[in-house]
Amino acid sequence: MRSDEVKSGYQRAPNRSLLRSLGVTDREMGLPFIGIANAYNTIVPGHVHLRTLTDKVKEGIIAAGGVPFEFGVIGICDGIAMGHEGMRYSLPSRENIADSIELMTEAHRFDGLVCVGTCDKIVPGMLMAAARTNIPSILVTGGPMLSGYLGGKELSLIDIFEGVGKVAAGTMSETALQELECCAMPGCGSCQGLYTANTMACMTEAMGMSLPGCAAIPAVDAGKLRIARESGERILDLVRGNVRPRDIITIDSLSNAIRVDMALGGSTNTVLHLMAIAVEAGVTLDLDTFNIIGEKTPHICHMQPSGPHSMQTLYRAGGIPAVFKALSTLLTDTQTVSGASVQQIVKIAVIHDANVIKGIRSPVSPAGGLKILKGSLAPDGAVVKCAAVPEGMWVHQGPARVFNGETAAMKAILAREVKEGDVVVIRYEGPRGGPGMPEMLSPTSALMGLGYSNVALVTDGRFSGGTRGPCIGHIAPEEAIGGPIALVRNGDMIALDLFKRTLDLLVPGEELVARRGTFKPLTKPLTGVLSRYAANVGQANLGAVLKS
């Protein structure tokens, strides 16, 4: 056992003495030591219940013959951080989470690792750490929040964000918005739709790193307690069988995850995170893979925010195992931490509601829910959730309305300075230039709430999984390193074509050469985490991982 490095032999008497001070017994000294990375805190709704889940994980570890050691992991709530300077810290936190788990795991020589977490950057960071340390690992994702409810309608956080735009448009009163605010988020768990947190939970299960069914079980459902207990038991089997994350996270399992993502119409952020996980696992994954898989994978679940179905509805329809069943002819039979392969899971899965999980012959759309775009505005790529774009906006050409940052754009949108037909360009928000590649949920939701139907938005920043509409993010190269987005001026024509997967700046080449000669990137005074992050982060098309 790896933990023998800290507990075996007379030379380790000092180490054992410290372990004995924790209450570790003689018998337990001979058992596997299992680390539990717990993202519990009392500021993130998706994390406030994780202490209870972790207790069940501990029970499972002890019952299966291991010794659990719990340690804390930070977590940022993207919803609370949204729309202000706090959002710049969200993506950098993913690297901090991966680093902190690596530090604790390697320093204490754990034999196995259970990660308990929810929300946008926490689950990806945990997966990155598991792949990086490559000791037997399993994830327990904390589960989605129940839907809010008011006036006969299910609610989620996006209803509140879009309500801001409705108030600005005069179609909703502030009193009505406040009533909505009080009803939309009824308790613990990750936000209700297929936003980034829940998409990444689905990706975790789809790539085989959590037990079957884990992703969609609501946070408050007793099934989540049971699966936490079972995960604690299962980690000992993985340790004894020496089944490691890089045995699970392969190009085939990542391809399965992408197929599930396309079928569900998940968050654009999954592109960023899956590529970062692939880097840590030593797997070659590029943007073209998403288009290749997307063209062959139908969109079969019409999930929030673009569709009507919440995660709670997906759970009742059979969860990810049922999605596996619907996609069974397209999936590779890869290994999972459960010990069952994907096709073995398919055999016992049941689709309880074919109106929610449709067949591949009667899909919501014949192609997947995400597309990678390239062109003169995004030579290295950009990402759009095509499942959330009205068909009438799949092809669009319009004049640029350029803003150097989200704040300026939001001010102009709420003031109705943006006109139908415009292409809103928000730059200086990339991984390095932002820094931190902040999400743009506030302006995209404001556009929806104000009733715009013919406005596209492009940015070198990111979008929330809750974003809907013709919103194109992750433009690479970003402004800060001289990408073409830096050269756009008000009135320039921009053309997008989701059918052809293109995004072009319609300005003559000689004019762009002249503009580049006078280009000077905007710089921001930075200190601390953001300063270090901006100096070392890579581009979005490579996963925005820190350079080693």
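**Cavities, a pocket and some backbone details in a predicted model**

I would like to begin with an internal space, the second largest cavity, which holds about 50 Å³. Please keep in mind throughout that what we are looking at is a predicted model. The residues that line this second largest cavity are T268, K385, A388, F463, S464, T467, R468, G469 and C471, and by character they divide into 3 nonpolar, 4 polar and 2 charged.

That brings me to the cavities as a group. Rolling a probe the size of a water molecule over the atoms shows where empty space is left. In this model the count comes to 4 cavities of 30 Å³ or more, and the largest of them has a volume of about 190 Å³. Its lining is made up of 20 residues, and those that lie nearest the centre of the largest cavity are D78, G79, D120, L157 and C191. If we ask which helices each supply at least two residues of that lining, they are α5, residues 78–81, α8, residues 157–169, and α10, residues 196–206. Taken by character, the lining of the largest cavity divides into 11 nonpolar, 6 polar and 3 charged residues.

From the enclosed spaces I turn to the open ones, where the largest pocket has a volume of about 300 Å³. This pocket is lined by 18 residues, and K153, E154, S156, D159 and E162 are the closest to its centre. Helix α8, which we have just met in the lining of the largest cavity, appears here again, since both α8 and strand β6, residues 153–155, supply at least two residues of the pocket lining. In fact α8 gives the largest share of that lining, with 5 residues. The pocket lining as a whole divides into 8 nonpolar, 4 polar and 6 charged residues.

Now to the strands. There is an open sheet of 4 strands, in the order β2-β1-β3-β4, and its pairing is parallel. Which strands stand at the edges of this sheet? They are β2, residues 67–72, and β4, residues 137–141, and because each of them has a single partner strand, one side of each is left without a neighbour in the sheet. On average, and ignoring direction, neighbouring strands of this sheet are turned by 20° against each other. The partner of β4 is β3, residues 112–117, and the two pair in the parallel sense over 5 bridges; within that pairing, C115 has L139 of β4 as its bridge partner.

A contrasting arrangement is found further along the chain, where β7, residues 371–375, and β8, residues 378–384, run antiparallel and are joined by 4 bridges. The connection from β7 to β8 is a hairpin through 2 residues, and G375 has A378 of β8 as its bridge partner.

Among the helices I have picked out α6, residues 90–108, which has 19 residues and reaches 28 Å from its first C-alpha to its last, close to the 27 Å expected at 1.5 Å a residue. The buried residues of α6 are S90, L91, P92, S93, R94, E95, I97, A98, I101 and T105. An α-helix has 3.6 residues a turn, so residues three or four places apart point the same way. Just after α6, R109 takes a positive phi of about 55°.

That last detail leads to the backbone more generally. Most residues other than glycine have a negative phi, and most peptide bonds are trans. Besides R109, a positive phi is found at M437, where the value is near 50°, and at R501, where it is about 60°. Are these two residues buried or exposed, or something in between? M437, in the loop between β10 and α20, is buried, with a relative accessible area of 0%, whereas R501, in the loop between β13 and β14, residues 502–505, is partly exposed, with a relative accessible area of 27%.

I will finish with the cis peptide bonds. One runs from G434 to P435, with omega near -20°, and P435 is found in the loop between β10, residues 423–426, and α20, residues 441–450, which is also where M437 lies. Another joins A476 and P477, with omega about 0°, and P477 has its place in the loop between β12, residues 471–476, and β13, residues 493–497.

Terms used
Residues are numbered from 1 along each chain as its sequence is written. This is a predicted model: local features need pLDDT of at least 70, side-chain atom pairs count only at pLDDT 80 or more; totals for chains, interfaces and linings use all residues. Side-chain values use heavy atoms; hydrogens and water are left out. On a 1 Å grid over the protein atoms alone, a cavity is a set of points where a 1.4 Å probe fits but cannot get out, and a pocket is an open set with protein on both sides within 12 Å along at least five of seven lines; lining residues have an atom within 4 Å of a point. Grid points are joined across faces, edges and corners, and a volume is the space filled by probe spheres set on the points. Ala, Val, Leu, Ile, Met, Phe, Trp, Tyr, Cys and Pro count as nonpolar, Asp, Glu, Lys and Arg as charged, and the others, Gly among them, as polar. The expected span of a helix is 1.5 Å times one less than its number of residues. Buried means under 20% relative accessible area, exposed over 50%, partly exposed in between (1.4 Å probe, protein chains only). Two strands pair if DSSP finds at least two bridges between them. Axes are lines fitted to C-alpha atoms, for helices over the stretch in contact, and angles run from 0 to 180 degrees between N-to-C directions.
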